[in-house]
Every structure is written in structure tokens, then in C-alpha cells.
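Here are a few exercises to work through with the model open in your viewer. Try each task before reading its solution.

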Amino acid sequence: MLNYFFPLIFISILIGFFLEKKFGIKKLQEYKSRHFKKIIVWQKHNGEKLLTTDNFSQGISIDNPDISKTYWHKQAKLCEKYCKNKKNSSILFLGLGAGTGPLLVNKMNPKIKQTIIEFDKKIIDVCKQFFNLNELQNTTIINTDAYSVIKEKKYLQNKFNVIAVDIFTGEESFGPSGIKTNFIKNLTNLLKPDGTLIFNRLAHRKDLQEETKVLESFLSTIFKSVEKIFIKDPRGYKNELV
């Protein structure tokens, strides 16, 4: 075992050195949790921080002006739009990531009440340490599994103007192999009469875009109107908001 251990450490150091030199990105901290083998906080040459879990991007810090070109910013703008001029407006975020969406919403309108459900306690701790999560106003963070909360209706006493579904652990959650119809229908029961449901979907492959069409088709049987927005981020991300 030891014969492999030291070469692996050396390779990891080389990869880190290569990323820092070629792309101006360095590793700030690495963790593991009961859900993820690797939770890593990176920092780019421009100061922007990036959170990854098992090599999948989960979110970025919001200080870079280029944030306006991301799906997180578009999602936040939609959330703010559908809460505008509403009495006691509120948003439910399913999935915290790096807190990018909730932080942007809070920056746009701190009066909007936000509830965030995140199943990994370490992610919450990392966001407090590196992504200014403690600066969120008018926000409740619940450390539990979103699926069980929605199914059992625990912790959630009120209904929401917007529910943003951004649950992602490396695999898509709502593909044609089994759209979680009961879960989605339970979400609609948590919406106010004129409420809005927003799904974030990966769109960097054709098959993922086809899966999103299936989700879009199902949602059209529930909602009066369904809109799909494609966002190509200069960082290389491609997402669709439904």
C-alpha cells in the first residue's frame, strides 16, 4: 500500500501546481463529509472562489462583476422578479451549493425571506467560512434531506412565492429514467396560488438537453405556462432554467 501512497501524493501536488500555473487557480482548502469524498474550495487569479464536490462545480463567490453572465444570476433575477411587489414574499431554495443564488437574491432584495435546505452539514460550514453565508439576512437554513422534508412536510409551515430546485450531487435528479412526479407535485402544494417553480438543469450534452425536454413536457401538464432559458457562462458552464 505504501508503494502507491507516496506517488499518489506527488501526482496530486503536480496537478495542483499545474492548475495554479496554467489557469491561475489554487486550492484553498479540502474537506470530506459523509456524502462527499472531496469538498474543495478553489480561488482564481481574480479572487473569485469556486466550490466543488467530487470534481463537480457547486457554486462561486458573487463579487466578480462577471457573475451577471452566470445561471446563478439569472436564477436570482427570476426569483426576485416573481417576489416583487408581493406581500411577505418568500423563496425556498433546495440545495445550497456555495450559496451563490441566495446571496445574489439577498443582495438584490434583502427583504425577501429565504429558506434553504441543504443535506450536508460540511457544505454549510464551508460556505460560512469561505462564501459569506453568515451575511445572509432574513434567511433560515435547514440541514436535512430535501426529499424527506417535502414528502413529510416537516419544518415548512408557510407557502412560497418561488421554489428553486438546484439539487445536484454529480447526477441529474429529474431525467426521463424516472421523473420524480410525486416530489414535483408535492412542491406545487408548497407554492402560493401564483407561485413559480424553477429547475436548474445541466445542458452541456445533447442527452441532458433531451432529458430537460421531458421534464419541461411534464411540467406543462401542471402549470399554466412553462419557459426554458439557456445560459452559456464564459466559465464554460451550460445550463437551462425551466
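**Exercise 1.** In this predicted model, find which helix and which strand each supply at least two residues of the lining of the second largest pocket.

*Solution.* Start with the elements: they're helix H2 (71–83) and strand S9 (191–202). Next, see who gives the most: that's S9, with nine residues. Now put that beside the whole lining, which has 22 residues. Head for the centre and you'll meet Gly 195, Thr 196, Leu 197, Phe 223 and Ser 225, the ones lying nearest to it.

**Exercise 2.** Work out how much space lies in the second largest pocket, and sort its lining by class.

*Solution.* The space comes to about 510 Å³. Sorting the lining gives 14 nonpolar residues, plus four polar and four charged ones.

**Exercise 3.** Lay out the open sheet of four strands and explain why S1 and S4 each have one side without a neighbour in the sheet.

*Solution.* First, write down the order: S1-S2-S3-S4, with antiparallel pairing. Then look at the edges: strand S1 (25–31) and strand S4 (56–60) stand there with a single partner strand each, so one side of each is left free of a neighbour in the sheet. Going from one strand to the next, the twist averages 25 degrees.

Now zoom in on S2 (residues 39–44) and S3 (residues 49–53): these run antiparallel and are joined by five bridges. Trp 42 is a handy marker, standing opposite Leu 50 in S3.

Last step, add the helix. H4 (residues 121–130) packs on the sheet and touches S1, S2 and S3. The direction of H4 makes about 135 degrees with that of S1.

Definitions and conventions
Residues numbered from 1 in each chain as written. Predicted model: local features only at pLDDT ≥ 70, side-chain atom pairs only at ≥ 80, totals over all residues. Heavy atoms only, no water. 1 Å grid on protein atoms, 1.4 Å probe; cavity = no way out; pocket = protein on both sides within 12 Å on 5 of 7 lines; lining within 4 Å. Points joined across faces, edges and corners; volume = space filled by probe spheres on them. Nonpolar A, V, L, I, M, F, W, Y, C, P; charged D, E, K, R; others polar. Pairing = 2+ DSSP bridges. Axes fitted to C-alpha atoms, helices over the stretch in contact; angles between N-to-C directions. Contact = heavy atoms within 4.5 Å.
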